[in-house]
Amino acid sequence: MTATTGQYVGTALPAVAGVSISRVVAFFLMTTALVVAPFVVYPVFLMKALCFALFACAFNLLIGYVGLLSFGHAVFLGSAGYGAAHSAKVWGFAPELAIVFGTAVAAALGVVIGALAIRSKGIYFANITLAFAQMVYFFSLQAAFTGGEDGIQSVPRGTLLGVLNLRETLTLYFVVLAIFLVGFLLIYRAIHSPFGQVLKAIRENEPRAISLGYRAEQYKLLAFVLSATFAGLAGATKALVFQLASLTDVHWTMSGEVVLMTLLGGLGTVFGPVVGAFVVVALENYLAQLGAWVTVVQGVIFVVCVLTFRRGIVGELGHILRKSL
Amino acid sequence: MTIFGVATQALFGQLLIGLINGSFYALLSLGLSVIFGLLNIINFTHGAQYMMGAFAAYLILKWVGLGYWWALLIAPIVVGLTGIVLERTTLKRLYQLDHLYGLLLTFGFALIIQGLFRHQYGSSGLPYPMPRELSGGQNLGFMFLPNYRAWVIVFSLAVCLMTWYVIERTRLGAYLRAATENPTLVQAFGINVPRMITLTYGFGVGLAGLAGVLAAPIYQVNPLMGADLIIVVFAVVVIGGLGSIMGSIVTGFGLGVVEGFTKVFYPEASNTVIFVIMALVLLVRPTGLFGRAS
């Protein structure tokens with residue numbers, strides 16, 4: 001391991017501003033593959049993977065570009081799911097409103113948890129976010145509107161903007177794909193904006209960034225809230241796709257899974273979280289009947305990634321091709 | 001007889017349960033603190049190692065036929081040795097990297113260990129008999145005190161205080177504290193710091209194993225018994241201040257009692273009260289109650 005790679009979490013690749021040709025090509029390839037995919041692969045599987053890919057991208061915004069490891073990101077996925085499911089089922093919200101409401105719930109939680117957690121760093125930050133996540137988990141377990149162990153079931157998908165019938169799987173797929181692409185591009189834009197450059201400056205040397213006049217805490221809080229919001233967007237969409245919001249999505253194992261996806265794909269890479277999410281979701285799909293072995297395999301991937309494969313799949317690929325992906 | 005409108009029987013009953021939980025919080029957060037102090041790693045495997053302690057006791061009885069007292073001696077050593085192997089083979093490669101990698105690695109090991117045990121023994125608990133010498137209980141007039149529970153509280157308190165004494169008051173502890181402050185300098189004085197790190201990790205893990213043996217007769221022996229507990233213990237460690245020995249002991253027992261009383265006065269909040277306290281402590285003292293500013 002050389003000094004520049006992998007010494008700090010999130011510095012797997014040097015930050016390259018702007019749009020590079022390799023990224024445009026990669027984006028084009030990814031989009032084409034995702035447009036063709038539902039005609040080849042089971043669409044529900046793809047939608048699940050897309051939701052997790054957006055979730056992992058949101059998580060990567062924080063770990064990859066601010067260097068903060070949140071071990072409680074399931075909170076935003078799960079709470080947005082509850083928000084969307086409850087508003088769609090009980091209040092009769094249209095799907096677009098339900099998604100907006102769910103995302104807003106996650107953003108609000110992001111402000112509260114972020115304001116408390118952002119003052120700490122490194123391991124402390126991981127611990128604190130984990131503890132808050134567990135608190136929200138117990139709240140969801142006991143609160144009446146979440147349905148406790150049962151969750152909120154048979155959430156109506158409805159008609160998007162009064163035009164698109166989401167009960168048809170293929171229509172739903174392309175709506176989910178559109179949501180994913182919008183989220184992906186917005187996150188990309190945030191990272192490669194002046195705002196994103198300041199975030200990287202804070203990650204590399206916080207005291208210096210402060211001495212240059214940047215209010216580091218406000219930048220970090222904004223990044224945290226953005227990350228929470230996009231995680232929420234993923235969660236709200238997922239609730240409509242599966243017509244279910246359940247405790248699984250708020251539990252800390254889900255927080256661990258998103259770490260796994262991002263780590264496997266490549267921390268701090270643009271496409272890494274997407275690749276990682278697809279690989280992990282596919283693995284779980286195929287290993288599902290093996291029960292406890294799923295956990296073992298996940299653990300082994302963690303150990304192998306941390307010990308020998310810290311760049312992740314996309315990071316390693318980019319290293320070989322000498323391109324930032 | 002009632003206090004604040006609550007029957008004393010219930011109040012003291014919950015106080016006892018709180019102290020029992022507090023014993024486990026204290027033992028586990030003490031181990032985490034000792035490890036964090038020297039290795040700067042949050043040992044996510046701690047919950048799995050606590051579970052391994054309970055399983056070691058169960059298997060020592062099943063395979064070798066040795067009972068509780070032997071298990072109390074052997075299980076922590078066995079679990080500690082597995083920790084030493086883990087540290088020597090994997091953890092030590094990460095000391096040059098960001099500490100978060102240590103967290104992720106130990107998280108991976110926790111998943112592997114819990115998955116393997118769950119595959120082998122299922123998710124339902126296995127019973128472990130209470131030692132005959134400690135069955136029964138004392139009627140204190142205002143409440144009934146089971147002997148085994150009293151033993152757990154007294155014994156874990158003794159272990160905690162002994163650990164505190166060794167670290168804060170002996171020469172060995174002085175080396176340890178010095179190495180926490182400045183490992184390079186301590187090594188320059190001719191002390192084998194890498195070996196000290198390995199033994200410290202083994203000791204911290206051994207404490208988790210010991211807690212597991214103590215827990216076996218009270219709770220059932222279950223592959224996931226440490227999975228959720230460890231997150232509460234993380235909160236305890238944050239409240240006490242990472243790396244503070246006395247802080248872990250005091251907050252461990254204290255929060256156990258607070259949690260017990262919450263069950264009496266406001267049961268709905270009993271699962272979350274520790275996390276709420278954590279949020280409040282962070283607002284006032286970000287380094288924890290006993291932590292020093294880093």
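**Entry 1: how the two chains meet**

I began by fixing a term: two residues are in contact if their C-beta atoms, placed from the backbone, lie within 7 Å. With that rule I looked up the interface, where 35 residues of chain B are in contact with 38 residues of chain A. I noted that this is a predicted model, in which local features need pLDDT of at least 70 and side-chain atom pairs count only at pLDDT 80 or more, while totals for chains, interfaces and linings use all residues. Residues are numbered from 1 along each chain as its sequence is written, and chains are lettered from A and ligands numbered from 1 in the order in which they are written.

Next I asked which helices of chain B supply at least two residues each of the side that touches chain A. They are helix H4 (99-121), helix H9 (229-240) and helix H11 (273-284) of chain B, where helices (H or I, at least four residues) and strands (E, at least two) are DSSP runs numbered from the N terminus. H4(B) gives the most to this side of chain B, with 16 residues. Sorted by class, the side of chain B that touches chain A has 23 nonpolar, eight polar and four charged residues; here Ala, Val, Leu, Ile, Met, Phe, Trp, Tyr, Cys and Pro count as nonpolar, Asp, Glu, Lys and Arg as charged, and the others, Gly among them, as polar.

**Entry 2: the chains one by one**

For chain A I wrote down 13 helices and two strands, and for chain B 11 helices and four strands. The C-alpha atoms of chain A fill a box of roughly 50 × 45 × 40 Å along the principal axes, whereas the C-alpha trace of chain B spans about 65 × 50 × 35 Å along its own.

I then checked the radius of gyration, which is taken over C-alpha atoms, against the globule rule of 2.2 Å times the number of residues to the power 0.38. With 325 residues, a compact globule would come near 20 Å, and chain A has 19 Å, which agrees; with 294 residues the value would be near 19 Å, and chain B has 19 Å, which agrees as well.

Burial came next: a residue is buried if 20 or more other C-beta atoms lie within 10 Å of its own, exposed if 12 or fewer, and partly exposed in between, with C-beta atoms placed from the backbone. Buried residues make up 53% of the 325 residues in chain A, and 51% of the 294 residues of chain B count as buried.

**Entry 3: the nonpolar core**

I looked up the largest nonpolar core, a core being a set of buried Ala, Val, Leu, Ile, Met, Phe, Trp, Tyr and Cys residues joined through C-beta atoms within 7 Å. Of its 200 residues, Ala53(A), Leu54(A), Phe55(A), Ala131(A), Ala235(B) and Met278(B) touch the most other members. Helix H2 (residues 43-65) of chain A brings the largest share of this core, 17 residues. I followed Phe55(A) further and found that, leaving aside neighbours within four places in sequence, Phe55(A) is in contact with Leu77(A), Ala231(A), Ala234(A) and Val258(A).

**Entry 4: a helix pair in chain A**

At what angle do helix H10 (residues 252-265) and helix H13 (residues 312-321) of chain A pack? The angle is about 10°, with the axes 3 Å apart; axes are lines fitted to C-alpha atoms, for helices over the stretch in contact, and angles run from 0 to 180 degrees between N-to-C directions. H10(A) and H13(A) are therefore roughly parallel to each other, a label for angles under 35 degrees. Leu263(A), Leu264(A) and Gly265(A) of H10(A) make the contact with Gly312(A), Ile313(A) and Val314(A) of H13(A).

**Entry 5: single residues**

Most residues other than glycine have a negative phi, so I looked for exceptions. Phi of Gln243(A) is near 55°, and Gln243(A) sits in the loop between helix H9 (216-242) and H10 of chain A. Asn40(B) has a positive phi of about 60° and lies in the loop between helix H1 (8-39) and helix H2 (46-64) of chain B. Gln243(A) is partly exposed, with 15 other C-beta atoms within 10 Å, and Asn40(B) is partly exposed with 15 other C-beta atoms within 10 Å.

Last, I looked up Ile17(B), which lies in helix H1 of chain B. The C-alpha atoms of Ile17(B) and Gly260(B), 243 residues apart along the chain, are separated by 6.3 Å.

Conventions. Angles under 35 degrees count as roughly parallel, over 145 as roughly antiparallel, 65 to 115 as roughly perpendicular and the rest as oblique.
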